[in-house]
Structure formats: C-alpha cells, structure tokens
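Work through the exercises below with the sequence and the 3D view open. Try each task before reading its solution.

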Amino acid sequence: MATYRCIIYMLAFIICGSTVFITADIQTNQGKDAESVFLEGVRGTTSDPSLVLSTDTEDQTQSAEKEQNREAIEVETNLVDAPSDNIVNHVHDTMQTTEPPPSEDQTQRFAKDERIWKATEVEENLVADAPPTPKETDHVPETEQTPDVPPELTAKDQFQEELVIRPLHSGDIYASFQFRTLWDTDFLHGSKVSHYRLFPKSLGQVISKFSVRELHISFTQGYWRTMQWGQPFLPSPPGAELWVWFQDTVTDVDVAWKELTNVLSGIFCASLNFIDSTNTVQPSASFKPLGVGNVTDQRFLRYAVLPREIVCTENLTPWKKLLPCGSKAGLAVLMKSEKLFHSSFHSQALHIRPVCTDWKCTSTSWELRQTLNIVLDLHTSGQGKREWSLFKMFSRTLTEACPLASSSKVYVDVTDNPQGELFDLSPATSLLSQAVVLGDRRTYSVYDLTDPATFGQTHSLNMLLRWKAAQSVEMLRPLLHGERYVAGYGLQTGEIHTLVYNNHPYRAFPVLLLDIVPWYLRLYIHTLTVTSKGRSNKPSYIHYQPSKDRLQPHLLEMLIQLPPNSMTEVTVQFERALLKWTEYTPDPNHGFYVGSSVISALVPSVVAMDTNNTQERPLFSSFFPCKEESSYFMRVYTEPLLVNLPTPDFSMPYNVICLTCTVVAVGYGSLYNLLTRTFQVEEPSQGLAKRLANIIRRLRGVPLLS
Amino acid sequence: MPMILSHPRTSNFSLGRILNSVVCYLAGVMWFMGLAFEPFTLRTYMSENAMGSTMVEEHFPAGERALATGREFAAHKKKIGGMPVDWLVKTMESQGLEVFTQSFTRKLPFPDENKERYMVRGTNVYGILRAPRASRTEALVLSAPCSEGNSNNQAVGLLLGLARYFRSQVYWAKDIIFLVNEHDLIGMQAWLEGYHHTNTTGGDWSPLQGRGGSIQAALSLELSSDVITSLDLVLEGLNGQLPNLDLANLFHAFCQKIGVLCTIQGKLQRNDWESTSGYSHAAQTMMLMVLKQASGRAWGDHGLFLRYHIEAATIRGVNSFRQYKTDATTVGRLLEGMYRKLNNLLERLHQSYFFYLMPSLTRFVSIGYYMPAFGLLAGILLLRALDLWVQLGASAPGTEDGLAEREQASSPGVLSLLTPVVISHLTGVALYTLPIRSQEMAVQHFPVSETEAVVLTAIAIYTAGLALPHNTHRLLQGEGTEQGWRVLKLAALLYLAVLLGCTALINFSLGFILALSLVPIAAFITPHSPKYPSAVAMVLLSPGCTLLYCVFLFQELQEIPVSLHDGWMLFLSVISQGILDHSLYGSLVYPLLALLVYPCWLLLWNILFWK
C-alpha cells in the first residue's frame with residue numbers, strides 16, 4: 001500500500017507540476033530521495049497552510065457531492081487520488097500565493113547563478129541545451145535564453161523555433177518542428193489585452209473569453225509505430241485530440257467547453273464541433289495540468305478524441321498562420337504540404353499553458369507551443385535509398401532564421417554515430433549538444449540559424465545524411481508499448497483486448513490506463529480481467545463511469561502495476577447496441593470508431609538501466625543504479641478500433657417506401673375515388689344553340705330550357 | 001401408393017392430393033433446372049460504387065523476378081523439408097514489411113488419409129505493409145499456402161513480388177497483410193483464430209503479435225506453374241457461405257480488362273445458350289456449385305474467412321493444354337488492380353448479393369429466384385401436414401363418448417409419439433459421437449486403420465438404425481393405433497419442414513438436395529403401403545444414399561467419371577472428410593445430418609413399420 005501511494009505521488013507530481021519538481025531535482029540532485037525531501041521543504045515553507053487546506057477541502061466536498069449526483073461508480077482500493085491532489089495543490093498554492101513578487105536584484109542573482117551552473121556544464125563538455133521535450137527539460141532553454149535575449153524582448157514576449165531530425169532504425173526519418181511563443185501577460189485579470197505582437201490574437205481571445213488555463217489540441221494522421229520508431233517527442237492519438245483545463249472561476253464548464261470546441265473548430269477548420277457529451281470525459285488521473293497552477297479538480301477538465309478526424313492541408317494552413325513569421329521565413333518555409341502529407345505519419349499540435357517566468361516561479365507567463373511531427377518513409381519518399389537531405393525531405397532548403405525568433409536551431413540526432421561510422425553528416429558542425437531525452441542520453445549536432453556562418457558560401461543550409469552501409473544498429477526495444485484489438489466474431493458481442501508491454505528487463509512500474517468507449521458498445525464491466533504473466537493482476541485503482549445511452553461514454557481508468565519484462569492483457573466484453581435508424585452514419589458498413597486507449601506512465605529511464613557501463617563515468621558516481629532522471633513521464637496511445645455494429649439493410653426502407661407509396665397511390669386512391677364519387681347517368685350534351693339560348697334566358701330571368 | 005388409393009375413406013380425394021404433390025414436386029425440380037437457362041437469369045453488375053466508377057491502372061512489372069523468388073522459395077523449402085520460416089521472415093523484412101510468425105499445433109481426431117497427416121505442427125509467416133497515414137483500423141489480406149511437394153511455389157513467389165511492389169506505392173489506405181500459411185486450412189484456421197482471438201475448435205496456436213485492424217477483404221492465391229491458361233475463381237466457403245457477389249464481379253471485370261481467361265467451377269463461359277449443349281453446360285456449372293455449396297466444406301483457404309464476415313475468394317491458376325498462355329506479370333497486374341480497387345472501398349462489401357448461384361461468371365441467380373424451387377418442395381410437406389391435421393380432426397369427433405374416450409385415446413398416443421422420437425434421436429447422437437470415440441476399440445478388435453474404423457463405425461451405426469422400429473415396439477405395450485401413426489407422421493412432416501426450411505435459408509443447396517430426396521418419402525409413406533418396395537425406396541432415398549449419389553454426380557459433372565469401386569472409396573473418404581471438417585473447422589453439415597436429418601428419416605422409417 002505504501003509503495004502504491006508513493007508511486008501515485010510520483011506520478012501526480014510529474015504530471016502536475018513538472019517544472020517545480022525538476023527544479024527541486026536539480027537543486028538536490030539526489031534521484032529518488034529528492035521528492036520526499038522536497039515535499040517536506042514545501043510543507044515547511046507554506047506560510048498559511050490552514051487557508052490553503054480549507055479552500056481545498058471545500059473544493060473536495062463540492063466535487064464529492066457532484067460525483068454522487070452523477071452516479072459515478074468509483075472503486076478505490078486505496079484512497080490515492082484525493083491525497084495526491086491535496087499535496088499537489090499545496091505545492092502550487094505555495095508557489096503562486098505565498099511568494100512575494102521578486103525584486104530586481106533577486107532576478108539578477110538568479111541569472112548569475114545560472115551562468116555559473118552553465119559554466120560548469122560547459123566544463124564537462126556538455127552543452128545542456130535540451131531539445132524540446134514536453135516537460136522535463138522545460139526550464140533549460142528558458143533559463144539558458146535569459147542571458148541571450150536582446151534587451152527589447154525581455155520585457156514581454158519572445159519566440160523560438162527548432163527542428164529536430166532523428167534518423168530512425170527502420171531507415172525512415174523523423175522530423176519534429178517546435179515553435180514556442182512566450183508572453184508575459186495576463187489575459188484573465190485586469191484590463192483587456194488588445195495589443196498583440198508575436199502571440200496570435202485569435203488564441204489570446206480564446207484564452208480570455210473562455211477562461212482557459214491549459215489547452216492541448218492535436219491533429220494526427222497515422223499511427224505512431226512505437227516498435228519501429230521508438231518514442232515520439234510528443235505523443236498523440238490518430239485523429240483529433242483536445243483537452244482543456246478551465247480556470248476555477250468558470251461556473252458552467254460544459255457550456256464553455258461546447259462553445260470552445262465550436263470556436264476551435266472554426267480556427268482550425270476541423271470537425272471539432274462534433275465533440276459533444278457523448279465523447280467528452282473528465283479523466284480523474286490521466287490528464288493532469290502540464291503547466292503551473294493550483295487546480296487539479298477534474299471538474300475543470302474536459303477531454304475528447306475524434307478518432308475519425310482526417311487531417312489535411314486545410315488544417316495545416318490555419319495552423320501555419322499562427323506562427324509569427326507564417327511560412328515566409330525561418331524553419332516554417334520547409335512546410336510544404338505536398339511533402340508533409342507524403343509521409344507515413346503526420347501530427348500537428350498546439351499547446352497553451354502557463355509556465356514560470358523564472359527559477360522561483362514568482363510569476364507566470366503564457367506559453368504557446370506549436371509542434372509538427374512527421375515521419376518520412378524509406379521506401380516511398382526515400383526511393384529505398386538511405387540518404388536524406390533537407391531538400392529531399394521537404395523540397396526546400398533553409399536560408400534564414402525567422403527574424404522575429406530569439407533562437408532558431410536545427411538538431412540532428414547523431415547518438416548512434418559518435419565517430420561518423422554509420423553515416424556522414426554534411427555540412428559538419430562542431431557544435432554538439434547532449435541531453436537526456438525520454439530517459440535516454442542523446443547527442444545532437446546543432447545548427448544555429450541565427451549565426452550566418454551556418455549557411456556558408458551558398459547562403460543556404462541543406463543538411464545531408466548519407467549512410468555508409470546498409471546495416472543499422474539494433475534498436476533498443478521501447479520500454480513501454482501498447483496494442484489493442486477487438487476479438488470475436490459476429491455482430492452481437494465482442495471483446496476488447498488491450499495489451500500493455502513492459503520491456504524493462506528487471507523493473508516493474510505502474511501505468512495509468514484510460515479507456516473511453518462509446519455508449520453503443522455496452523461494456524460488461526464484470527468481465528473485466530487484467531492478467532500479467534498468466535496470473536490475475538489486480539489494479540490498485542479503478543475509476544469507472546458507466547455510459548448513458550446517447551449521453552455519455554464509458555470511462556474506465558485503472559492503475560496497473562506492470563511486472564518486469566511482461567505483457568499485461570486487459571480484456572472486457574461488450575455487446576453491440578442496435579442504433580435507431582437515424583443514428584447511423586452515412587456509411588454504416590464502414591464501422592464505428594472507438595478512440596485510442598491512453599497509457600500514462602513513469603517509465604524507468606534507459607540511462608539508469610545500464611549499471612555495468614562504467615567506462616565513461618568515474619566509478620564513484622556509478623554505484624547506485626538510480627542516477628539523474630531515474631524515470632520519465634511517457635504517454636502511449638494504442639490504435640483506435642473499428643467496430644461493426646448490426647446494420648439494417650438500408651435499401652429495405654427505400655423499397656418499403658416505394659412499395660407503400662405505389663399501393664397507396666394505386667390501390668387506395670382508386671378505392672377512395674370509387675367510394676366518394678357519386679355516379680350519375682351522363683346526359684347528352686346540349687347543342688350550341690340551346691346553350692346560347694339558356695345564357696340569354698338566364699340574363700332575362702326566364703326559366704331555362706331543359 | 002395403391003394402398004392409399006384403396007383406402008376406403010379417402011379414396012375420392014387421394015388422387016387429387018397425390019396429383020397436387022407430384023405437380024408441386026415436378027414444378028420445383030423444373031424451376032430449379034430452369035435457373036440455369038440464360039434468359040431467366042440476371043447479368044452480373046458491379047453494385048459497389050467505390051469499385052465501379054473509379055479507374056485504376058496496373059503497372060506491376062516484375063513477374064519474372066517473382067517467379068525467381070518462387071524458385072528460391074522452392075529450393076529453401078526442399079532443403080528444410082517444410083516451410084522455410086527464417087528465409088521468409090528475412091525476405092519480407094528486407095522488403096520493408098513488419099514480419100511476424102505464429103506457430104500452431106493440432107492433433108486431428110483421427111488420421112487424415114487424403115492428406116496424410118495426424119499430428120500437425122506448423123508456422124504461419126505474415127508481413128504487414130503499413131499504409132502511410134492510416135491508423136491500423138482496416139486491412140486487406142493476400143495469402144498463399146505453403147503446400148507440400150512442388151505446388152504453389154509460384155503463388156508464394158508472386159505474393160512476395162507483389163509485396164515488394166506494393167511497398168513502394170503511396171496510395172494505400174488500408175494495411176495489407178501478406179500471409180504464407182502452412183498446412184493449408186489448418187494453418188489458416190489457426191491464423192484467423194489468432195487474429196480474432198477466438199477458439200472455436202480447440203486448436204493450439206500462439207497469439208499473434210501484429211494486427212492491422214478489421215480485415216475488409218481477402219484473396220487466397222494458388223499457382224503451381226510459371227504460365228497459366230486460365231484463372232479459376234472459387235467462392236464456396238465453410239457451411240456454404242459465399243462472399244459478396246461484388247468480389248466475383250471484381251475478378252471478372254479485371255479478367256476482362258487484362259484479357260485473362262477466367263472460369264468458375266473450372267468451366268468457361270459459353271455464349272450459345274439457345275442450343276441444348278449450351279444450356280447443359282450452364283446447368284452443369286450451376287449443379288457443381290450447388291453440390292460444392294451443399295458439402296459445407298471450405299473449397300479453398302478463403303473459406304474460413306467468411307465466418308468472420310470477411311469477403312474472400314480463392315484464385316487458382318490452371319495450366320491446361322490450351323495455346324493461349326498468361327504469364328506471371330499479367331496475373332500480378334490482375335491482383336494489383338483488384339487490390340487497388342479493394343483499397344478504394346469506403347465500406348465493407350455489402351451492396352451486392354450474399355445469396356446467389358452462378359451458372360456462369362456473368363450470370364447469377366439471386367435468392368429471390370431460387371427460393372421458389374425450394375418453396376414448391378417444402379409446400380408439399382405443409383400440404384400433407386394440413387391434410388393429416390384435417391383427417392385427425394375429422395376422425396376424433398366421430399366417437400360418441402366425447403371427452404373421456406378422447407383422453408383415453410390420446411394418452412397412449414403421446415407415449416407412442418414420444419418413444420420413437422426419443423429413440424431415433426438417441427441413435428442420431430450415437431451416430432454423431434461414437435465413430436470418433438470408439439475408434440481405438442475398433443482398431444484393437446478389427447484389422448482396420450483408424451480412419452477406416454471411424455467411417456465404418458459411422459456406416460454401421462447408420463445401418464443399425466434400420467432395426468429400430470422393432471426395438472421401439474418392444475418398448476411399447478400394445479398395438480399402435482391408426483391415430484398414432486397419423487400423429488407421428490404429422491409431427492415428422494412438420495419437423496422436416498422446419499428443418500429443411502431453416503437449412504435452406506442458410507445453405508440453399510443443402511436444403512434443396514435434402515428436400516429432393518426426403519420430401520417424396522415424407523409425403524407418401526404410410527404403414528399401409530407395401531412393405532418391401534416401400535422399404536427399398538426409403539433406403540434408396542435416405543440421406544446416406546443421397547450422399548453416395550452426390551459423389552457420383554459430382555464426379556460426372558467434373559468430367560472425371562469413376563467406377564463403382566472407386567466411387568465407393570470416394571464415398572468413404574467423403575464421410576471421413578466431413579467428420580474432420582466438423583472437428584477441425586466447425587463445419588455443421590455432419591452434425592446436421594447425424595443429429596437432425598437422420599433421426600427425422602428414422603421417424604418416417606418407423607411409420608412404415610408401424611404395427
């Protein structure tokens with residue numbers, strides 16, 4: 001029990017307040033023990049804990065009442081959820097409310113501290129310039145940028161752009177663009193923000209109108225093949241995914257959510273207006289805020305996936321328009337749709353969240369991150385040759401950085417190629433950067449586009465990766481990996497199987513599994529089984545919310561401990577509902593989609609895995625296996641499902657309508673005619689002269705001739 | 001029949017009744033035979049818009065290379081003496097597919113002497129071509145069996161060649177699964193059950209690692225020569241299920257477009273429908289389809305897909321002595337075209353017919369046209385039942401005492417009705433269970449192999465059922481009444497009508513063939529008909545003998561006539577295959593015959609020997 005609680009704490013921490021956590025981690029630099037020490041520290045520094053507690057408990061009781069009203073079934077084997085929330089709230093409260101705003105010389109002192117820290121890093125020949133990962137390395141670029149930022153930008157907003165190119169073991173190539181806009185402003189309180197510089201106005205207005213605290217939206221075409229490609233920097237499910245944390249000042253979240261989805265649907269030219277109560281859920285644990293903040297009450301969270309959403313240029317264009325330079329300059333010139341949509345995988349996303357402006361997190365600023373990930377295929381895009389250049393990938397080369405960007409860099413992953421034995425990278429760059437990304441230590445060649453020397457004589461940068469031999473090194477198996485499929489045959493019942501693999505050779509770790517199933521698959525929750533290595537594996541936490549026909553989907557969240565080197569199978573049976581005939585889609589025989597399951601986990605890092613590798617590091621630093629980031633947060637999406645429902649023969653109603661119409665027209669019509677008509681013997685028609693005479697007689701008022 | 005005529009009370013009406021029945025029967029048969037007459041049938045047409053109006057181009061260039069791959073495969077197969085799993089995995093991986101294997105073991109209930117196997121152990125290899133920007137929700141399957149000996153190497157070669165070519169194309173919207181299955185149907189069964197995680201027949205297979213979502217359509221390829229003269233389309237699947245007619249239309253459309261001779265049931269189409277030979281050709285093609293469908297077997301590897309609502313067909317290359325030859329490139333282009341059209345599908349194939357008969361590839365008979373033929377036969381049963389019902393009603397109030405007497409009469413009636421029903425069904429259960437269970441005992445006591453033991457036990461139990469009436473009567477005290485046999489016959493008639501009706505709805509051919517043989521005896525059998533001629537007629541029209549005639553007819557239609565002895569041996573092997581099909585793949589024909597049809601026939605047999 002204690003271990004589970006500890007694990008939940010860890011998970012909640014990483015998900016909610018990664019920034020804080022990492023700050024603490026770096027300060028103490030003690031791996032596992034850091035969090036407990038940090039926790040105590042936080043508790044000690046809370047200036048007014050009673051106040052914080054009271055507001056929290058109020059929230060809790062309110063939410064509890066509401067939960068009961070919703071008839072949600074919640075099976076909690078140990079009360080893990082509530083305490084973790086509380087503690088996280090404490091942390092954020094502390095950060096936001098109790099700290100006085102920093103004075104000028106304090107900030108200067110921090111900057112000085114950082115410079116020193118950076119200097120030590122440089123001494124070790126490690127430029128601690130992390131590539132963009134969602135959370136962990138969040139602070140690094142930020143703190144690093146501070147000294148470089150030109151004086152006029154320090155005041156309000158800044159923009160950074162990055163492109164990471166990672167050659168994959170399958171021969172494919174992965175390109176990940178990230179654009180980050182930071183703005184130190186307050187959308188929600190005080191005067192209305194009307195002057196926009198780098199931050200897109202349309203999104204700023206959305207934030208202030210709907211009191212959005214965090215907004216994450218992604219459009220993905222294709223499925224990320226974890227077993228071939230490893231982990232993505234930013235995972236996303238096929239189709240469209242949207243999750244939003246609202247401010248706790250929002251009174252009617254459902255209305256705000258409905259309006260927000262419609263507005264976003266307009267902004268991104270997507271069918272987000274199809275998000276309604278039948279596909280919206282409020283996960284209790286899987287989606288915690290990624291930015292700073294003090295609300296973790298799931299009432300303010302909405303999550304929805306549209307697995308059938310198709311992504312195309314019409315979604316890309318509005319997305320590109322949000323960039324300060326558009327697609328006119330900088331890295332965005334590479335985004336030509338005919339190349340981007342000629343890929344095996346295409347995912348574009350947008351994340352808005354509040355982040356700390358400095359070390360002590362005295363104030364927050366808004367961060368807008370736009371990411372675009374594509375994977376180009378070796379056989380179709382690369383014509384089977386393992387040779388990639390920027391021009392081959394995007395049919396464009398780079399000529400300049402975006403003039404508005406404070407930093408513009410291209411990273412190429414050369415981890416597998418330290419001495420250049422696998423492939424040649426030209427033009428070569430002396431700038432190397434090393435960082436721990438997704439638990440693995442990676443080395444990157446860095447091209448700084450703000451430096452004119454990067455472009456050389458030709459005034460354009462066209463990197464070329466050319467493999468020397470066809471063979472490649474073995475890829476390390478991804479530690480966490482999931483699969484899902486529908487078992488059984490026939491149109492009455494079925495069984496959803498979700499397989500979660502832990503490929504770590506000796507460490508067990510817990511995962512949070514989130515399943516959202518539409519109401520028309522009626523889950524038999526009593527058939528839920530979780531088995532690992534042939535034995536039943538009892539989840540330590542289950543949150544199940546049953547569906548309501550035509551109103552809400554099933555929501556199933558579980559915390560499952562994955563044994564080392566194992567496959568865990570979660571099965572649940574369902575019955576296929578017979579829909580009303582107007583509820584079928586126009587193509588009912590195509591089937592109905594069930595969105596991806598979401599597996600969220602703290603995965604033990606690969607770096608900490610090799611206890612034997614002592615060549616590069618001094619002996620005294622390598623005894624305890626848990627070093628640096630002992631584990632990292634990861635989210636894995638399984639494939640969506642396509643389920644056939646019992647479908648009537650829709651030509652049948654048409655036939656019936658035709659038949660009945662004919663019967664009515666011919667049979668009933670003539671019968672009715674016969675029944676209502678009065679029959680009279682037809683008189684021979686009068687002659688013309690007689691008729692004329694009768695007209696004259698009528699005028700005269702004389703009796704007519706018969 | 002003379003007895004019925006001379007029956008004192010009904011003689012005035014019986015001639016009319018018999019005439020009714022005979023006319024109905026003849027009309028049914030005529031209707032059925034008329035279905036093959038071309039002016040009475042419909043032309044096939046593509047119903048699915050997604051496949052009809054869109055144009056695709058075929059560019060597959062590498063037929064020679066595919067054949068070379070096939071030869072390499074054959075060499076590796078010969079060296080290993082089985083499926084070259086490692087070589088296949090390596091080859092598929094080098095083509096950029098995601099490759100997975102599945103191993104399976106299967107112990108047959110008794111040795112299969114046709115294919116010489118008992119303990120089966122094998123491996124399926126499949127590679128998945130992941131469609132770009134697709135989310136693993138839909139898939140198509142192309143399979144080729146890895147057969148023993150020298151057959152089907154070209155199919156595997158062409159499969160690998162197509163995989164290589166398909167991989168470099170950008171237009172795929174559905175994942176394509178290339179499957180090489182070992183031990184034909186057993187491997188296919190293991191793979192399909194693994195894919196859908198079901199286990200209907202108790203096989204032992206390892207779970208699958210990679211999947212491509214719901215399978216929309218599948219083709220199985222059989223090719224044993226470098227050049228072919230024609231391609232044969234096989235549609236009949238397990239339990240007489242057929243794929244959607246659009247799949248056959250698609251095949252025919254591409255054969256026309258590319259200029260490949262195509263056949264169904266191994267028969268080319270003829271255009272001289274007005275001549276007698278033209279008609280008999282069409283009739284033969286249709287009869288072959290009816291016989292194949294009635295057998296309830298999977299006539300190709302595709303047959304097992306149909307259970308999972310996956311439209312599937314087998315395409316079989318035929319190399320005969322014709323001049324005109326087609327090379328592998330052309331076959332590859334044909335398959336490429338078909339897959340591109342299937343790739344365009346927005347929904348599962350559902351627009352066209354699922355219930356049809358085909359007198360030729362361009363003509364089909366839909367369910368609305370062939371059902372009246374069966375309806376006319378089944379109508380006889382209902383008419384006779386109605387007649388008996390009226391007779392029973394008319395004879396009951398004839399007695400003076402009314403209620404008391406009727407109760408007396410009916411209480412032995414129920415018993416006399418129940419006893420034969422229960423006993424004949426128990427015989428059916430024995431016929432269903434004993435052959436496989438008692439094989440060891442039979443082998444110990446008689447000089448026969450296991451397979452022979454099973455088949456001969458089945459025949460022995462079947463024949464032993466003929467002695468039943470005497471045993472039934474031993475259980476009953478007293479004489480059977482006139483009323484008794486009528487009630488029994490009424491029950492038997494209704495039972496048979498329901499049974500045949502249900503069968504015909506699922507598998508028309510089986511229902512129709514059974515109706516052809518069972519309806520006459522069910523209509524005319526009474527205890528008063530002359531014992532020996534009637535008994536001979538009944539035995540000759542029993543389900544077992546019907547099966548024997550079907551075997552001979554099938555051989556005759558295929559133009560491979562057999563001698564009596566060979567026919568008998570074939571009959572025995574058909575029985576063993578039927579039992580195997582049931583236990584391996586879940587075919588329902590054997591249990592249907594043993595548990596329902598045979599007991600029903602025994603009831604009629606009881607009526608004949610009613611005392």
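**Exercise 1: A helix and its end**

Just after α5(B), B:Gly96 takes a positive phi of about 85°. The model is predicted: local features need pLDDT of at least 70, side-chain atom pairs count only at pLDDT 80 or more, and totals for chains, interfaces and linings use all residues. Residues are numbered from 1 along each chain as its sequence is written, chains are lettered from A and ligands numbered from 1 in the order in which they are written, and side-chain values use heavy atoms, with hydrogens and water left out.

Task: find which residues of helix α5 of chain B are buried, and what they pack against.

Solution. Step 1: locate α5, residues 85-94 of chain B. Helices here are DSSP runs of H or I with at least four residues; strands are runs of E with at least two, and both are numbered from the N terminus. Step 2: list the buried residues. They are B:Val85, B:Trp87, B:Leu88, B:Val89, B:Thr91 and B:Met92. Buried means under 20% relative accessible area, exposed over 50%, and partly exposed in between (1.4 Å probe, protein chains only). Step 3: look at the partners. The buried residues pack against α4 (63-80), β2, β3, α6 (153-167) and β5 (175-182) of chain B. Contact means heavy atoms within 4.5 Å.

**Exercise 2: A loop residue in chain B**

Task: place B:Ser352 and decide whether B:Ser352 is buried or exposed.

Solution. Step 1: B:Ser352 sits in the loop between α10 (328-343) and β11 (356-360) of chain B. Step 2: its relative accessible area is 8%, so B:Ser352 is buried. Step 3: set aside neighbours within four places in sequence. B:Ser352 then contacts B:Ser47, B:Asn244, B:Leu245, B:Asp246 and B:Asn249.

**Exercise 3: Far in sequence**

Task: for B:Gln269 and B:His582, find a residue distant along the chain and give the C-alpha separation.

Solution. Step 1: B:Gln269 is in the loop between β9 (261-264) and α9 (276-295) of chain B. Its relative accessibility is 30%, so B:Gln269 counts as partly exposed. Step 2: B:Ser360 is 91 residues away in sequence, yet the C-alpha atoms of B:Gln269 and B:Ser360 are 5.8 Å apart. B:Gln269 touches B:Ser360 and B:Thr362, not counting residues up to four places away in sequence. Step 3: turn to B:His582, in helix α20 (residues 564-585) of chain B. B:Leu238 is 344 residues from B:His582 along the chain, with 10.0 Å between their C-alpha atoms. Step 4: leave out residues up to four places away in sequence. B:His582 touches B:Tyr432, B:Ser587, B:Tyr590 and B:Pro591.

**Exercise 4: Backbone angles**

Task: which residues other than glycine have a positive phi in these two loops?

Solution. Step 1: in chain A, check the loop between α11 (253-268) and β6 (280-281), where A:Cys269 is found. Phi of A:Cys269 is near 55°. At 44% relative accessibility, A:Cys269 counts as partly exposed. Step 2: in chain B, check the loop between β8 (230-234) and α8 (245-258), which holds B:Asn239. B:Asn239 has a positive phi of about 60°.

**Exercise 5: A cis bond**

Task: where is A:Pro427, and what is the form of the peptide bond from A:Ser426?

Solution. Step 1: A:Pro427 lies in the loop between β12 (423-426) and β13 (432-437) of chain A. Step 2: the bond from A:Ser426 to A:Pro427 is cis, with omega near -5°.
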